[in-house]
Structures are given as C-alpha cells and as structure tokens.
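Q: Please take a close look at one part of this model and work through it residue by residue. Then set that part against the rest of the chain.

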Amino acid sequence: MEPYRQRDHLEYPALTMYQMVERVANQYPKEPAYEFYGTKTSYEAFVKRIERAARAFLALGIGEGDVVTVCMPNTPQALDCFYALNRIGAVANMVHPQSAKSEITFYLTISESKAILTVDLFYETVEAALAGVPQQVTVLVARIQDELNPVLWAAYTAKAGRHYLKYPNTDHAVLWKKFLKSGAGQTLPDAAFDCHRTAAILYSGGTSGTPKGICLSDYNFNACALQSVEAIGVTFRTGLKMLSCMPCFHGFGLGINLHTVLIHGACCILMPTFNNKSYANMLVKKKPDFIAGVPTIYQALLHAPGLESADLSFLQGMFCGGDSLKVELKRRVDAFLKEHGAEIQVREGYGLTECVTASCLTPRDTWKEGSIGLPYPDTSYCIVRPGTDEELPRGQEGEIILTGPTVMSGYLKNPEETAEALRVLADGRTWLYTGDLGYMDEEGYVYYSQRIKRMIITNGYNVYPGRVENVIDECPEVDYSCVIGVKDPRRMRRVKAYIVLKEGVAGDDACRERILQYLRQHIARYALPREIEFRDELPKTLVGKVAYRKLEEEEEAKWR
C-alpha cells in the first residue's frame with residue numbers, strides 16, 4: 001500500500017452547519033443519518049425534524065443571535081435542537097447534563113440563555129439552578145422513551161422513565177414533544193452564513209478555575225470536519241458508521257463523533273451513556289467502521305466483557321483524543337486490535353476545544369513513539385519559549401502554539417483570557433497559545449509533553465508527571481497511574497504516584513518496591529515518586545479523563 005499523504009490546503013464552503021447537513025440530505029435522502037437503540041432516522045427525515053424544531057423555536061421568540069442551552073446526552077432530540085438553532089441563526093450553548101446546580105446557573109447566566117433543553121432525568125437540577133439566574137428561562141424537557149421503539153419504550157418507562165413522568169411541573173417548562181407542535185405555521189428564514197458569527201459555545205474543563213465559554217463558528221466546525229477526514233485518510237461516505245459515544249457537549253464528541261460524520265453522509269450510532277458492557281455490546285452488534293474516544297475508554301476496552309474472542313476486523317479507524325494517550329497504553333491497545341483481527345492502529349489526535357477539537361493526528365500508516373502526529377491541512381504549529389513569542393529550534397521543548405481555520409474567536413465575555421490565548425504575531429496571523437508543553441522534530445511531527453501548569457518543581461528540578469506516568473504504566477503490575485506534586489516541608493513539592501493495579505495484583509509493600517526498582521532504572525532520582533498510593537480506581541472528569549486536580553485537592557485538604 002502506498003503511504004497516504006494528505007493535502008496541504010482544502011476549500012471550505014460558505015455554508016452553515018445546517019446547510020452542510022441539508023446538502024447531504026439532498027444527495028442521499030434515504031441514507032441513515034443516525035441510529036438510536038435500533039431506530040434509524042434518514043437524512044431526509046432528519047432535516048424535517050430539524051425544521052420542525054426550528055419553527056417551534058421561532059414561535060417561542062428565539063431568533064438570530066439568541067442563545068439556547070442544550071443540556072443533553074447524545075439523543076436524537078439533542079441533534080435536532082442543535083441543528084435547529086443553527087438553522088435560524090441562534091446560538092447553541094452546549095453543557096453537560098450532569099453538571100452541578102451552581103454550574104448550570106453559571107452557564108445560563110453568562111450566556112444569557114432564553115431557554116434550555118434537558119432530559120427529564122436532570123430536570124430537578126435544572127429547576128433548582130434557575131433560582132440563581134437573573135433572566136427568564138423556558139425549560140424544554142425531552143424524554144428518552146419518546147425516541148424508542150414500542151418494546152423498548154415499555155421496558156424503559158417501566159424501569160426508569162416512570163420516575164420522571166411528573167416532570168415538567170412548572171408554568172415555565174414544557175415537554176419537547178408538545179413544544180414541537182407550537183411551530184405550525186411559522187415561516188423559516190433563509191439560512192445565512194457568516195464566518196465570524198458564534199454558532200456554538202462549548203466550555204473548557206475548568207481544571208484551573210472557572211470554566212470559560214469558547215465561542216466557535218460554523219466555519220470553525222465545518223473546517224474541522226473537512227480537515228479531519230482529510231487527515232484520517234479514509235473516505236467518509238454513505239454506508240459507513242461511527243459509534244458516537246463521545247458526548248455532544250464536548251468538542252471531540254460534537255466536532256468529530258457527530259458533525260464530521262453527518263456532513264459526509266455516514267451514520268452516527270448514538271450512545272447517550274457509556275459503560276464497559278454496553279460499549280462492548282454495541283461494538284460487536286453494530287460493527288461500526290470508526291470509533292473515537294478518550295484514553296479511559298480504550299483502557300476499559302481492554303477489560304470489557306464479551307470482547308475476549310470478538311472479531312474486530314471491521315474497524316477502519318480508531319481515534320484517541322481529549323487526553324494524552326500514554327505510550328504503554330497505545331502498545332497494549334494496538335496489540336489488542338491485532339489479536340482481534342483489526343488491521344489498524346489506534347491513532348492519537350491532539351487539540352483543544354479552543355480549536356473545536358483535533359488539529360493534529362497520527363498518520364494512517366506510520367507512528368513515532370510519543371508523537372501526536374502531523375498538523376491538519378491549513379493548520380500551522382510552532383514551539384515558542386514559554387511566556388514569549390520567541391520561536392524555538394526543532395527538538396527543543398516549549399509551549400505549543402497553533403493557527404488555522406478552526407481557532408475560536410475568543411472566550412465568552414472574557415477579554416483578558418482571550419488576549420492571553422489569542423495573539424497576532426509578526427506574520428499577521430492569530431495564534432492560539434495552548435498552555436501545553438511539547439516540541440517538533442525535523443520532519444514536522446509534534447510531540448506533546450503535558451500542561452505547563454502540571455509541571456512539578458521539586459528541589460529546583462522540573463518534573464513532568466506525564467513522563468513519569470509513562471514509565472510507571474510500563475510496569476507489568478500496573479493498569480494505569482496518575483502523578484501529582486504534593487507539599488513537602490523540605491523540597492517545597494514532592495512527587496506522589498497514584499496507581500491502579502491490574503486485576504489480581506496485590507497492592508502490598510513488595511509490589512511497591514518492585515515498581516520503585518523498575519522506576520530507578522528508567523527515570524532520574526529527583527523525579528522518583530516519594531510516595532506511592534494504590535487505589536481501586538482514580539477519579540474521572542465528566543468526559544472520562546483522569547481528574548488529577550481532584551487528587552491535588554485531596555492532598556491540599558490535608559494541609560488545611
């Protein structure tokens with residue numbers, strides 16, 4: 001097979017996200033756009049659903065520039081709502097449905113949302129959050145069972161759905177099904193493309209403070225979708241399927257798992273929740289061509305019940321992003337794929353929500369250890385000395401900055417943070433300062449080290465947790481790990497490792513000593529963990545990353 005070489009430049013149509021989907025629907029009306037628990041919706045039907053929802057929003061008084069919060073898992077109603085808002089020039093404010101009450105209050109307030117769509121399971125939290133919101137907000141309540149076939153509808157309603165049938169129960173809330181009927185007779189405006197218009201707001205993880213609203217345009221999303229398929233090197237087309245478990249409120253989920261698939265005529269197999277068993281079942285039953293997720297999903301895949309003898313030869317692409325894929329985990333996943341008949345490797349991407357999601361990807365047919373691959377078409381990377389605009393030579397580590405058509409317009413109502421993240425340099429282009437450490441080699445491959453803020457300074461030495469974790473994870477007893485810096489009266493900070501062992505391995509002193517003995521052979525003395533704590537599992541963020549900040553907060557609490 002000839003090595004794949006991506007194009008350096010692509011053309012980006014002057015179309016909204018909705019118009020990109022509509023274009024596919026005109027070409028392939030009967031092809032499935034998405035599948036939800038066995039029920040398929042064609043592109044033709046999808047567009048009709050979008051336009052029905054768009055008319056209802058118009059009847060509610062939502063128009064161009066107005067903001068509606070979408071507080072949903074991956075369900076058909078979430079997709080209908082997102083593209084309906086786009087159809088009428090409104091803004092979709094995407095938030096996690098399991099957010100805390102105070103977080104939802106913040107999201108609704110800062111975005112000045114006029115309405116919020118949520119699922120009945122989380123209705124009470126949304127209602128409680130409204131007490132702190134200054135503006136009036138209409139609550140739209142979706143029900144999972146409304147999108148299920150009769151057999152599953154009865155089973156779900158009897159088991160879980162019946163507990164929420166009393167909702168909505170206020171005068172400012174309405175069922176999504178009833179809401180849709182309100183738009184009859186409304187005339188939809190012509191869809192208008194504006195490359196500078198904010199079409200969606202996503203939020204940073206908030207690991208270093210208050211979450212920031214990231215303002216992204218149709219142009220950003222469409223460029224990301226077109227670039228991703230070019231970099232993937234496998235033609236997305238009708239008949240292909242993506243197992244879409246990454247959530248719609250996350251850049252990786254919305255940008256890759258959903259929008260990229262939909263504007264190329266493929267089918268999204270929607271998964272509203274994730275657990276090992278359901279993921280494995282869907283993988284075997286649906287045989288998707290592509291899967292994409294964060295490292296913890298693939299960590300779980302190695303242990304998922306039902307995959308021991310599964311044939312995964314149907315997979316054409318497996319993509320990892322949202323967090324760093326450790327070298328040892330990649331090796332294990334690649335071996336797992338080979339053992340199960342798949343002729344692919346897991347391909348790591350890198351990016352930030354500030355540029356929608358991925359902007360760099362491991363090539364299809366090559367891999368350099370520790371590399372996150374090559375930049376997307378029309379995307380340039382540069383390494384600068386942290387805190388400056390000084391470009392560093394190839395091979396030297398510094399802050400990763402990038403520029404291209406997917407870079408955000410800024411942070412919502414936060415000019416100070418925007419000025420820190422977006423800077424116009426001497427070449428006249430706006431560059432995104434990522435806050436990540438890395439370097440580039442002579443061939444242009446990019447290597448990610450870690451977040452600058454994660455660096456541990458102990459006894460005057462710089463310790464990079466990601467590198468220590470990579471070595472720990474190579475130990476035969478270890479499943480995965482997390483390394484943090486903790487207070488130390490003599491060193492100021494010392495290195496501590498939290499380790500989850502493989503099943504059946506005893507976390508005793510002998511095991512601890514074997515791990516330390518291995519580490520002494522592979523990392524500098526000053527970077528050695530001074531403390532190792534074994535745990536059954538480590539805390540995760542809402543999108544499945546290891547939540548190192550929670551571990552840091554636990555340690556900080558001991559000093560109070």
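A: Pro-168 sits in the loop that runs between helix α6 (150–159) and strand β7 (173–175); helices (H or I, at least four residues) and strands (E, at least two) are DSSP runs, numbered from the N terminus. The peptide bond between Tyr-167 and Pro-168 is cis, with omega at about 0°. The model is a predicted one, in which local features need pLDDT of at least 70 and side-chain atom pairs count only at pLDDT 80 or more, while totals for chains, interfaces and linings use all residues. Residues are numbered from 1 along each chain as its sequence is written, and side-chain values use heavy atoms, with hydrogens and water left out.

The strand at the far end of that loop belongs to a sheet. Eight strands make up this open sheet, in the order β7-β6-β5-β3-β4-β8-β9-β19, and their pairing is mixed. Its edge strands are β7 and β19 (410–411), each of which pairs on one side only; strands count as paired if DSSP finds at least two bridges between them.

Following the order inward from β7, the next strand is β6. Thr-138 lies in β6, which covers residues 138–142. Thr-138 counts as buried because its relative accessibility is 17%; buried means under 20% relative accessible area, exposed over 50%, and partly exposed in between (1.4 Å probe, protein chains only). Apart from neighbours within four places in sequence, Thr-138 has contacts (heavy atoms within 4.5 Å) with Leu-60, Lys-114, Ala-115, Ile-116 and His-172. One of these contacts, His-172, directly precedes the span 173–175 of β7. Two others, Ala-115 and Ile-116, fall within the span 115–119 of β5.

The loop leading into β5 has a feature of its own. Glu-112 is placed in this loop, between α4 (101–111) and β5 (115–119). Although Glu-112 is not a glycine, its phi is positive, at about 55°. Glu-112 has 49% relative accessibility and so counts as partly exposed.

The other end of the sheet can be followed through β9. β8 (residues 198–203) and β9 (residues 213–217) run antiparallel and are joined by five bridges. Ala-200 stands opposite Leu-216 of β9, and Leu-202 stands opposite Ile-214. β9 also pairs with β19, again antiparallel, over two bridges. In that pairing, Ile-214 has Tyr-411 of β19 as its bridge partner. Ile-214 is thus placed opposite Leu-202 and is also bridged to Tyr-411.

How many of the five residues of β9 are buried? Five of the five are, so β9 is largely enclosed by the rest of the structure. Gly-213, Cys-215 and Ser-217 point one way from the strand, and Ile-214 and Leu-216 point the other way.

A further set of strands involves β1. β1 (residues 32–36) is largely enclosed by the rest of the structure, because four of its five residues are buried. It pairs with β2 (residues 39–42) in the antiparallel sense over four bridges, with Thr-41 of β2 as the bridge partner of Tyr-34. The hairpin of β1 and β2 has two residues between the strands, and Tyr-37 there takes a positive phi near 45°. β1 is also joined to β11 (residues 267–270) by two bridges, and these two strands run parallel. Here the bridge partner of Glu-35 is Ile-269 of β11.

Helix α9 (residues 251–262) is likewise largely enclosed by the rest of the structure, since 12 of its 12 residues are buried. Among them are Phe-252, Asn-257, His-259 and Leu-262.

Lys-287 lies in the loop between α10 (276–286) and β12 (290–293). Lys-287 is not a glycine, yet its phi is positive, at about 50°. With a relative accessible area of 43%, Lys-287 is therefore partly exposed.

As for the whole, the protein chain has 16 helices and 27 strands. Of its 560 residues, 58% count as buried. Among contacts between residues at least 6 apart in sequence, 68% join residues at least 24 apart. The C-alpha atoms fill a box of roughly 75 × 60 × 55 Å along the principal axes. A compact globule of 560 residues would have a radius of gyration near 24 Å, and the chain has 24 Å, which agrees; the radius is taken over C-alpha atoms, and the globule rule is 2.2 Å times the number of residues to the power 0.38.
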